[in-house]
Amino acid sequence: METFRVQSREFEYNVIVGTGAWRSLRDFPLHGYSSVFVISEEALWCRWKGEFLKEAGLRRVQTLWVRPGERSKSLRVMQRLAAELLLRQADRRSLLILFGGGVIGDLGGFLASIYMRGVDCIHVPTTLLAQVDSSIGGKTAVNLGATKNLIGTFHPARLVLSEPRVLGSLSRRDFRSGLYEVVKHGILDGPELFGRLEQSLSSLRRDLAEELETILAPAVKVKVDVVNRDEREAGLRAVLNLGHTFGHALEEATGYRRFLHGEAVAWGLLGVSRLGRRLGLLPESDAGRIDELVRRLGPLPRIDDLDARRVLPLLPQDKKAVAGKVRWVIPERIGKVRQISEASGVAVAAAFRDIQKMGNDPT
Ligand SMILES: NC(=O)c1ccc[n+]([C@@H]2O[C@H](COP(=O)([O-])OP(=O)(O)OC[C@H]3O[C@@H](n4cnc5c(N)ncnc54)[C@H](O)[C@@H]3O)[C@@H](O)[C@H]2O)c1
Ligand SMILES: [Zn+2]
């Protein structure tokens, strides 16, 4: 088990990663709170509540349900939860435990940040994506109509508990989708984590906690380090967007229905690997290793049928730049990325064509 310290603007908190992480709740000063509420999905909570409550040493908690799925990240659901909290007499000293994936974390974190002008929350992430990414750093959000994460706040957790065993009940596809984000962290981190992924990735299983822990902890550290240096995304935090530029455009072009988020990021990683090569920034050998690792993880939903003329205009534009430039995060080698906003449209379109030609089966 490893503990990482995160510095947020107002306080520091621990991110605890590894088998037995839930037990750390016993050391947390719960007695300072008037009541404890768990926000989760019903089936997920029913599957894990016995183990969680026992290990965490919790006796009585009140539970609030959210339906699984991205659609729950809405103002309507947020309002319903706030009304339920009020009905059950939650006050400013209540604590919310957010037990779930990124949807529960983003929605519950947003609720925690505005209910009675803010109550404390603890993240207990239950997906790989939430463990290595969304539970750390304090970003919360809900969607407005089709616009993802339009409304949100910064509201870091008081504690994050990432237990690898809980990933054992994830669907194979959700697990793999999270692994692509882990690959992204490997590219950002450098040869050590990347090499470890190359050795173990295809044999990693979601129900083998000990083995998972060896990649989980370093992947969490990548996010923690970035957040510690740049909590509010002044510049450095943008490196976490590696693979997300093409990724977001693909998600939007397909109405968020075809890809799980990590799958779109996987295509995005392949895309920037091609773009880096075309721009002469990324050596062939490193590009090959990135492609190989992403492709080894398994088949991705197809992109060869998508019209580039529809996808490319959806590339997210840098809000701070003039003339709607796209800000790219391009790998220069494994362990080093560069942010650029001068990639030519021709090179970008060519890189996209390259990945469309790859087909969706692993090589
Ligand atoms: N705040 C941030 O910094 C940040 C960063 C990245 C992503 N996000 C957000 O995270 C969300 C995606 O998160 P996600 O991929 O965790 O999605 P999710 O929360 O929808 O979970 C994916 C699926 O797994 C199920 N599930 C969760 N834990 C399980 C378990 N242990 N066993 C079985 N099933 C389980 C859920 O019911 C759901 O069907 C998006 O809304 C995205 O915008 C936020
Ligand atoms: Zn992501």
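Here is a walk through the salt bridges and the zinc site of this predicted model. Residues are numbered from 1 along each chain as its sequence is written, and chains are lettered from A and ligands numbered from 1 in the order in which they are written. Since the model is predicted, local features need pLDDT of at least 70, side-chain atom pairs count only at pLDDT 80 or more, and totals for chains, interfaces and linings use all residues, while side-chain values use heavy atoms, with hydrogens and water left out.

Let's start with the metal. Which residues hold the zinc ion (ligand 2) as protein donors? They are Glu181 (OE), His244 (NE2) and His261 (NE2), at 2.0 to 2.1 Å from the ion. A donor here is an N, O or S atom within 2.8 Å of the metal (3.2 Å for Na, K and Ca), and water is not among the atoms, so sites may look incomplete. Along the sequence, the spacing of these donor residues reads E-x62-H-x16-H. Glu181 sits in helix H5 and His261 in helix H9 (residues 261-278), 80 residues apart, so this pair links distant parts of the chain. Helices (H or I, at least four residues) and strands (E, at least two) are DSSP runs, numbered from the N terminus.

Is Glu181 buried or exposed? Glu181 is buried, at 0% relative accessibility, whereas His261 is partly exposed at 25%. The cut-offs are under 20% relative accessible area for buried, over 50% for exposed, and partly exposed in between (1.4 Å probe, protein chains only).

Glu181 has a second role in this tour: its side chain meets that of Lys184 in a salt bridge (3.4 Å, N to O). That term covers a side-chain nitrogen of Lys or Arg within 4 Å of a carboxyl oxygen of Asp or Glu. Both partners lie in helix H5 (residues 172-189), three residues apart, or about one turn of the helix, and both are buried.

Zooming out, the whole structure has 29 salt bridges. One of them pairs Lys148 with Glu70 (3.1 Å, N to O). Lys148 belongs to strand S8 (residues 147-154) and Glu70 to the loop between strand S4 (62-65) and helix H2 (75-87), so the contact ties together parts 78 residues apart in sequence. Lys148 is partly exposed, with 29% relative accessible area, and Glu70 is partly exposed too, with 34%.

Another bridge joins Glu332 to Arg338, with the closest N and O atoms 2.9 Å apart. Here Glu332 is buried at 14% relative accessible area, while Arg338 is partly exposed at 38%. Elsewhere, salt bridges that share partners join Arg47, Glu51, Glu55, Glu163 and Arg165 into one network.
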